[in-house]
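Work through the exercises below with the structure open. Try each task before reading its solution.

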Amino acid sequence: MGIWNINMLYAISCYIAGHILGWYAHNLQFVNDYWKDKVILPTLLFGIPCLLAFFYGTKFAMAAVPELWTARFMAAVFSYVTFPLMTWYYLGESMFTIKTMTCIFLAFCILLIQVFVD
């Protein structure tokens, strides 16, 4: 099964959860006026679980592919799964621009290179 094992699935799940939590921590201020002037509350509510998600995501990624660069690029690439969808859903900003779609394509190319090229 190679690198596509249970550790890789856990890593991907943790990275996606971390990016969702990170999105809320950074961008709720633009979604709802309640969060506009709050700094400490979202940091505590979302920041600590976000850190834990990335910590365990990296731990699981290293168990699947023992290269930290691969784990790092995996984390970066999976931000392109969450950020465009959440930004579109909450703020109405489309990811379907030539610039954004090109960046998403390139991000997944980076992931494929990290995973499949020795």
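The buried residues of helix 2 pack against helix 1 (6–31) and helix 3 (68–91). The model is predicted.

**Exercise 1.** Work out which residues of helix 2 are buried.

*Solution.* Start with the cut-off: buried means under 20% relative accessible area. Apply it along helix 2. Pro 42, Phe 46 and Cys 50 are among the buried residues. Ala 53, Gly 57, Ala 61 and Ala 64 complete the list.

**Exercise 2.** Compare the span of helix 2 with its expected span, then locate its kink.

*Solution.* Helix 2 covers residues 40–64, which is 25 residues. From first C-alpha to last, helix 2 reaches 35 Å. At 1.5 Å a residue, 36 Å is expected, and the span is close to that. Now look for the bend. Helix 2 has a kink of about 35° at Gly 47. The proline Pro 49 follows shortly after.

**Exercise 3.** Determine how helix 1 and helix 2 are oriented relative to each other.

*Solution.* First take the axes of the two helices: they come within 7 Å. Next take the angle: the axes cross at roughly 155°. Angles over 145 degrees count as roughly antiparallel. Helix 1 and helix 2 are therefore roughly antiparallel. Last, the handedness: helix 1 passes helix 2 in a left-handed crossing.

**Exercise 4.** Is Asn 32 buried, partly exposed or exposed? Place it in the chain as well.

*Solution.* Asn 32 sits in the loop between helix 1 and helix 2. Its relative accessible area is 38%. Partly exposed lies between the 20% and 50% cut-offs, so Asn 32 is partly exposed. For scale, take Tyr 10: Asn 32 is 22 residues from Tyr 10 in sequence and 31 Å away in space, C-alpha to C-alpha.

How values were computed. Residues numbered from 1 in each chain as written. Predicted model: local features only at pLDDT ≥ 70, side-chain atom pairs only at ≥ 80, totals over all residues. Heavy atoms only, no water. Helix = DSSP H or I, 4+ residues; strand = E, 2+ residues; numbered from the N terminus. Expected span 1.5 Å × (residues − 1). Bend = angle between axes of the 7 residues up to and from the residue. Buried < 20%, exposed > 50% of the residue type's maximum accessible area, 1.4 Å probe, protein only. Contact = heavy atoms within 4.5 Å. Axes fitted to C-alpha atoms, helices over the stretch in contact; angles between N-to-C directions. Parallel < 35°, antiparallel > 145°, perpendicular 65-115°, else oblique. Left-handed = near helix turned anticlockwise from the far one by under 90°.
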